[in-house]
Amino acid sequence: MKPKADDELVFLPLGGSGEIGMNLNAYGYGPPDARKWIIVDIGVTFGREDSTPGIELILPDPSYLEGVRDDIIGIVLTHAHEDHIGALGWLWPRLKAPVYATPFTAALVREKLRERGLLEKVPLTEIPLKGQLTLGPFEIDFVTLTHSIPEPNGLAIRTPLGLIWHTGDWKIDPDPLIGETTDEAKLRQMADEGVLAMVCDSTNVFVEGTAGSEAEVRVKLTEVIKQQKGRVAVTAFASNVARVETALLAAKAAGRTPCLVGRSMHRIVAAAKSVGMLADAPLTIDEEEAGTLPDENVLFLCTGSQGEARAALSRIARGEHRNVSLRQGDTVIFSSRVIPGNEAAIHDMQNAFLERGVELITADDHFIHVSGHPARDELKQMYAWARPRIAVPVHGEKRHIREHVKLALELQIPEAIAPSNGDLIRLAPGPATLIDEVPSGRLYVDGSTIIEAEDEALKDRRRLGAEGAVNVSLAVNAKGGIVAGPSVTVRGLTMDDDEDFEIALEELEDTAKAAFQRLKHQEREDDEAVEQVLVRAVRKAAEKLWRKRPLVDVTVLRI
């Protein structure tokens, strides 16, 4: 295919550019009014109770892509981490494009689609490792890389205007344990062909050196487990199948029988076995059987390394797990890192274990974890292999992306651009240029519903958490007189003295009554007018009492 005079090649990040997680990237080719699009990855990030109370999943807003849905010819997934596939089941009904993934990723995607009732609706095609795919003007090669999950793929995306090298998440692991090493020959071949742009992971751009190898972790983790007495629990990211295999083999080497604890651990292990992985790992036992073994003969492999409240390890720490308990003389090994933002939850969980007399071992104590993302020397090596004309850093906070731009320019890359979510960047023809800004943002999964970032329900939750709530109720007769009330109840507000608190409630009741009595008869017949006046009066009084502005709710009962 030859490019036409008005054809353009554009890149549009809608997730993961300027923040870690929630990856959603789109590439468009063709004239501005008739571009064909492919989407690369469609992931989630996770809510935090302090900023998004009640929200577990956060999605990229696909509004712009919905508007060009008929021109989206495929969704291509690089690997199976949640920040790359987790939004598929939620957002696919808005996009309705065919999905392409390698076997392990496809196995996990099927489970997600089944949970959303979409398994029979979504056209999902498995692409073999090192396979190829043609979607309209895009010819895509899946390129083998290494990462902290099986089957990480970079995408060599060929177009009539040039080749884009989309790395996905990666590192350079000389001994990855599961899967092949980085396909250096393919990268050199691409460089000789000419790489127009490299869209690249920025997560560890501030980290000097290299990330390290899973093989080194296997040696050390096995040694550490052998040294322990009593029960041992190991927690790691379930998606790191090589680490899971290490824990299972280390258990066997230490004379322990492994037991999987946590739904994600069972799900990932099942997916890995379905595509032929973990064939040499020892068999695991269920939680009930593990409870019958001597303490020194069991190892629990648990989810919840990030202190997630409902995950297995947190429930064990609180003494709330149905089948697994740990006590003095037992050990928890954290074969994981602390994801920024999770520090408080992890420390609370660790303190709960320490109060029970449980010993803790972390990556600060021993070499029992390595990152799945490229440190600075690995980024330099990738640029040396690929030799792109344009550097396009993604997958990192704004500070990571800007530092990545500096690094690329230091490495003599001719052009480097720092995108933000919603930036429509023309990669060719001509120099890389920001040509438009399209709607972008976040959507929140609230239970089984998707809500907007500025939804009133979320605003109310934040306010309730910070300011508390006051409820006022009163009964009014047909003549506009108060029959009962006003009665005031308070949530999330308190005082040092119970008597002072009761006096405060009486003051709020008197305030509400006085505000109602100031209303004219016609106004008293209008519930909305009554509520507005009482809300203002009671909030003002509450602010004087507590120096907070609580959420005030007024209920008027007509009798």
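**Note on the predicted model: sheets, cores and cavity**

1. Seven strands make up an open sheet with mixed pairing, and their order is 10-11-12-13-14-20-22. The model is a predicted one. Strand 10 (132-135) and strand 22 (415-416) are at the edges of this sheet; each has a single partner strand, so one side of each lacks a neighbour in the sheet.

2. At the strand 10 edge, the pairing is with strand 11 (residues 138-144): the two run antiparallel and are joined by four bridges. Within this pair, Gln 132 has Asp 141 of strand 11 as its bridge partner. Helix 13 (residues 398-410) packs on the sheet, where it touches strand 14 (195-201), strand 20 (390-394) and strand 22. The directions of helix 13 and strand 20 make an angle of about 155°.

3. Strand 17 (residues 298-302) is largely enclosed by the rest of the structure, because five of its five residues are buried. Val 298, Phe 300 and Cys 302 point one way from the strand, while Leu 299 and Leu 301 point the other way.

4. Which strands are joined to strand 17 by bridges? Strand 15 (residues 232-235) runs parallel to strand 17 and is joined to it by four bridges. Strand 16 (residues 257-261) is also parallel to strand 17, with five bridges between them. Leu 301 is a useful reference point here: Val 234 stands opposite Leu 301, and so does Leu 260. Leu 301 itself is buried.

5. The largest nonpolar core contains 68 residues, and Leu 65 and Phe 104 have the most contacts inside it. Helix 7 (residues 241-253) supplies the largest share of this core, seven residues. Beyond its neighbours within four places in sequence, Phe 104 is in contact with Ala 80, Ile 149, Pro 150, Glu 151, Val 241, Ile 268, Ala 271, Ala 272, Val 275 and Met 277. A second core, separate from the largest, has 28 residues, among them Phe 11, Leu 135, Ile 164 and Ala 432.

6. How many cavities of 30 Å³ or more does the structure hold? There is one. The largest cavity encloses about 60 Å³ of space. Its lining consists of 13 residues, and those nearest its centre are Asn 23, His 166, Gly 168, Val 394 and His 395. Strand 14 gives the largest share of this lining, three residues. Strand 14 is also one of the strands touched by helix 13.

Key:
Residues numbered from 1 in each chain as written. Predicted model: local features only at pLDDT ≥ 70, side-chain atom pairs only at ≥ 80, totals over all residues. Heavy atoms only, no water. Pairing = 2+ DSSP bridges. Contact = heavy atoms within 4.5 Å. Axes fitted to C-alpha atoms, helices over the stretch in contact; angles between N-to-C directions. Core = buried A, V, L, I, M, F, W, Y, C linked by side-chain atoms within 4.5 Å. Buried < 20%, exposed > 50% of the residue type's maximum accessible area, 1.4 Å probe, protein only. 1 Å grid on protein atoms, 1.4 Å probe; cavity = no way out; pocket = protein on both sides within 12 Å on 5 of 7 lines; lining within 4 Å. Points joined across faces, edges and corners; volume = space filled by probe spheres on them.
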